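Subject: Structure handover, with notes on helix packing, cavity and pockets

Dear colleague,

I am passing on the structure below, and my notes on what was found in it follow directly after. Please read them with the model open beside you.

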Amino acid sequence: EEGHTIVLKQVAQLPEVNSSEGYVLTVTPDQVLIRATSGAGLFYGVQTMLQMADEKGLPVGVITDEPRFAYRGFMMDVSRHFFNKEFIKKQMDALAYYKLNRLHLHLTDAAGWRIEIKKYPRLTEFAAWREFPTWKEWWNNGRRYEEEGSKESLVCYYTQDDIRELVAYAQERFITVIPEIEMPAHSEEVLTAYPELSCTHEPYKQADFCVGNEKTFEFLENVLTEVMELFPSEYIHVGGDECPKVRWKSCPKCQARAKALGLKSDKEHSKEERLQSFIINHAEKFLNGHGRQIIGWDEILEGGLAPNATVMSWRGVAGGIEAAKQKHDVIMTPNTYLYFDYYQTKDIANEPEAIGGYVPVETVYNYEPMPADLTPEEQKYIIGVQANL
């Protein structure tokens, strides 16, 4: 109405809040005033204003608000279930409205490689395509890849220009996009496109990279270099989960690597777990050298944690508690509370297809991410939460 104004005011200091993402929203009969120390804070104040508004307008009053956790994330597994960039933008709009500030894209997995890498064209000419639109159909029907353009080829990938467009769209909404490049396991698609990176050198035989092969490290560094050019995010996710390590036991190159490094099994970790730790450590050193940090799933605790790694605790909360006790940053993403590919009711006949499991909305809503059995000092390492789709 005439005379009513909305004022956004960026200030140098805002004593009412501790976080740069915090804001104070003041509604009087003739003005809405939003104050914050950053663009993100002003943006979140606007989201609150939009949520409060109804046909009568806005209630008069003051809201002082700031996030409890700096990292508030959502993961989309675009390897198993490809979403086009328009859908991802729509998802970002929803994340922004609810003040979530991280979008984790699971870009690589057995079900398909989803990001154009100029140095390795087979990753998207071949390993991004399959005959079946859904992951379950593909999983149950031989798990094969197709040549791009063949009559069976379905699904797709993001070009580097697509990624730039998505990153720019996210930045306008104060969302950081975090890419995940899986290693050393969940890599059947890579090892079928480039079998020389596996222990067997045969397609469709193996999930994990050969840790004894120098070409593995060359490949990962080349891929991560292109990924870093596309994603300004401080964090790069390196996976690290569900690594079978079976081939490593009989691979002469892997065993020679373990021997050269002096790795042995003991009551804490097996030799193969220590090999996994070696490849994660290598990725971390490389990324740290370029001013980036790694995140890995909680399996990276096995074999010893890389010095600066942040841990995503997905197999319940135990991994997160252990990592916090070791003074590592933790993002809580437990499947028991925050896996959005689980069924939300027991009446699954009338629900969309899910992976299994049961996490009703009440369970999600009532989740307390801060483990009570950590000391106040250890609790500071729990930096956020994330829902995984």
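The axes of helices α7 and α10 come within 11 Å of each other and cross at roughly 40°. Please keep in mind here, and throughout, that this is a predicted model. An angle of roughly 40° is not under 35 degrees, where a pair would count as roughly parallel, and it does not reach the range of 65 to 115 for roughly perpendicular, and α7 and α10 are therefore oblique to each other. Their crossing is right-handed. On the α7 side the contact is made by Thr216, Phe217, Leu220, Glu221, Leu224, Thr225 and Met228, which meet Phe278, Ile279, His282, Phe286 and Leu287 of α10. Sorted by class, this contact between α7 and α10 holds eight nonpolar, three polar and one charged residues.

The cavity brings us back to these two helices. A search of the whole structure turned up one cavity of 30 Å³ or more, and the volume of the largest cavity is about 40 Å³. Its lining consists of Met183, Phe217, Leu220, Glu221, Leu224, Ile279, His282, Ala283 and Phe286, with α7 (214–230) and α10 (271–288) each supplying at least two of the lining residues. Several names will be familiar from the helix contact: Phe217, Leu220, Glu221 and Leu224 of α7 meet residues of α10 that include Ile279, His282 and Phe286, and these residues also line the cavity. By class, the cavity lining has seven nonpolar, one polar and one charged residues.

A second helix pair is α2 (residues 85–97) and α5 (residues 160–172), which pack at an angle of about 15° with their axes 10 Å apart. Since angles under 35 degrees count as roughly parallel, α2 and α5 are therefore roughly parallel to each other. Here, too, the crossing is right-handed. From α2, the residues Lys85, Ile88, Lys89, Met92 and Asp93 meet Asp162, Glu165, Leu166, Tyr169 and Ala170 from α5. The contact of α2 with α5 is made up of five nonpolar and five charged residues, with no polar ones.

Turning to the pockets, the largest of them holds about 1,100 Å³ of space. It is lined by 36 residues, and those that lie nearest its centre are Asp77, Arg80, Trp135, Asp341 and Ile355. Both α4 (135–140) and β14 (342–343) supply at least two residues of this lining, and α4 gives the most, with three residues. The lining of the largest pocket divides into 19 nonpolar, six polar and eleven charged residues.

The second largest pocket has a volume of about 830 Å³. Of the 27 residues that line it, Tyr98, Leu100, Leu338, Val364 and Val385 lie nearest the centre. Helix α2, already described for its packing with α5, is one of the elements that supply at least two residues each to the lining of this second pocket, together with β5 (71–76), α13 (361–365) and β16 (382–388). By class, the lining of the second largest pocket comprises 18 nonpolar, three polar and six charged residues.

With best wishes

Methods
Residues numbered from 1 in each chain as written. Predicted model: local features only at pLDDT ≥ 70, side-chain atom pairs only at ≥ 80, totals over all residues. Heavy atoms only, no water. Axes fitted to C-alpha atoms, helices over the stretch in contact; angles between N-to-C directions. Helix = DSSP H or I, 4+ residues; strand = E, 2+ residues; numbered from the N terminus. Parallel < 35°, antiparallel > 145°, perpendicular 65-115°, else oblique. Left-handed = near helix turned anticlockwise from the far one by under 90°. Contact = heavy atoms within 4.5 Å. Nonpolar A, V, L, I, M, F, W, Y, C, P; charged D, E, K, R; others polar. 1 Å grid on protein atoms, 1.4 Å probe; cavity = no way out; pocket = protein on both sides within 12 Å on 5 of 7 lines; lining within 4 Å. Points joined across faces, edges and corners; volume = space filled by probe spheres on them.
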